[in-house]
Amino acid sequence: MNAGPTVQRITAEIDALSPSERQQVVTEALRRFTPDERKAAERLLRRLQHPDVPDDVWEGFEECEDGKAIEMKDEHFARPPV
């Protein structure tokens, strides 16, 4: 018994769409995501758009976006550990 469309069928249908229609599908899908799902998807898309940027750079950006960054001040360098 067929319970509905399969991933392969949906993917084939998306492939048949024009670029603007595919964009509409992605936009609608993102609207249905939870905030955490949306953040993860947006980060993935950003990385895919800039494959030349190393992962550790993205991790730094994402930590900063999540409020996990620390402020570096000149006095941090006044007495370096030796």
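In which helix is the place of Leu-44? In this predicted model, Leu-44 is found in helix α3. With a relative accessible area of 49%, Leu-44 is partly exposed, because the label "exposed" is kept for values over 50%. A look along the chain adds a second detail: Leu-44 and Glu-28 are 16 residues apart in sequence, and their C-alpha atoms are separated by 17 Å. Leu-44 also appears among the residues that line the largest pocket, and that pocket makes a good place to begin.

The pocket comes first. Rolling a probe the size of a water molecule over the atoms shows where empty space is left. Here, the largest pocket has a volume of about 170 Å³. Two elements each give two or more residues to its lining, namely α2 (19–32) and α3 (35–49). Of the elements, α2 gives the most, with five residues. The full lining consists of Ile-14, Arg-22, Val-25, Val-26, Ala-29, Leu-30, Phe-33, Ala-41, Leu-44 and Leu-45. What is the chemical character of these lining residues? Nine are nonpolar, one is charged and none is polar.

Attention now turns to the charged side chains. How many salt bridges does the model hold? The count comes to nine. One of them joins Glu-65 to Arg-43, with the closest N and O atoms 3.1 Å apart. Because Glu-65 belongs to helix α4 and Arg-43 to helix α3, this pair ties together parts that lie 22 residues apart in sequence. The two partners can also be described by their accessibility: Glu-65 is partly exposed at 45%, whereas Arg-43 is buried at 13%.

Arg-43 takes part in another salt bridge, this time with Asp-66, at 2.8 Å from N to O. Since Arg-43 sits in helix α3 and Asp-66 in the segment after α4, the pair ties together parts that are 23 residues apart in sequence. Asp-66 is partly exposed, with a relative accessible area of 32%. Why does Arg-43 count as buried? Its relative accessibility is 13%, and the cut-off for a buried residue is under 20%. Leaving out residues up to four places away in sequence, Arg-43 touches Glu-62, Glu-65 and Asp-66.

Glu-62 deserves a paragraph of its own. Where is Glu-62 placed? The residue lies in helix α4, which covers residues 55–65. Is Glu-62 buried or exposed? Its relative accessibility is 11%, so Glu-62 counts as buried. When neighbours within four places in sequence are set aside, Glu-62 is in contact with Arg-43, Arg-46 and Arg-47.

Arg-47 also meets a further acidic partner: the side chains of Arg-47 and Asp-55 form a salt bridge, at 3.3 Å from N to O. Both residues are partly exposed, Arg-47 with a relative accessible area of 22% and Asp-55 with one of 47%. Which residues, then, belong to the network of salt bridges? Lys-39, Arg-43, Arg-46, Arg-47, Asp-55, Glu-62, Glu-65 and Asp-66 are linked in it. The pairs described above, Glu-65 with Arg-43, Asp-66 with Arg-43 and Asp-55 with Arg-47, can thus be read as parts of one network.

Helix α4 has an aromatic side to its story as well. A pair of aromatic rings is described by the distance of the centres and the angle of the planes. The structure holds one aromatic pair. Its members are Trp-58 and Phe-61, whose ring centres are 5.7 Å apart and whose planes stand at 70 degrees, so the pair is edge-to-face. The angle fits this label because planes over 60 degrees apart count as edge-to-face. Trp-58 and Phe-61 are three residues apart in helix α4, which means that about one helical turn separates them. Their accessibility can be set side by side: Trp-58 is buried, with a relative accessible area of 6%, whereas Phe-61 is partly exposed, with a value of 45%.

Technical notes:
Residues numbered from 1 in each chain as written. Predicted model: local features only at pLDDT ≥ 70, side-chain atom pairs only at ≥ 80, totals over all residues. Heavy atoms only, no water. Helix = DSSP H or I, 4+ residues; strand = E, 2+ residues; numbered from the N terminus. Buried < 20%, exposed > 50% of the residue type's maximum accessible area, 1.4 Å probe, protein only. Contact = heavy atoms within 4.5 Å. Phe/Tyr/Trp six-rings, centres within 6.5 Å; stacked < 30°, edge-to-face > 60°. 1 Å grid on protein atoms, 1.4 Å probe; cavity = no way out; pocket = protein on both sides within 12 Å on 5 of 7 lines; lining within 4 Å. Points joined across faces, edges and corners; volume = space filled by probe spheres on them. Nonpolar A, V, L, I, M, F, W, Y, C, P; charged D, E, K, R; others polar. Salt bridge = Lys/Arg side-chain N within 4 Å of Asp/Glu carboxyl O.
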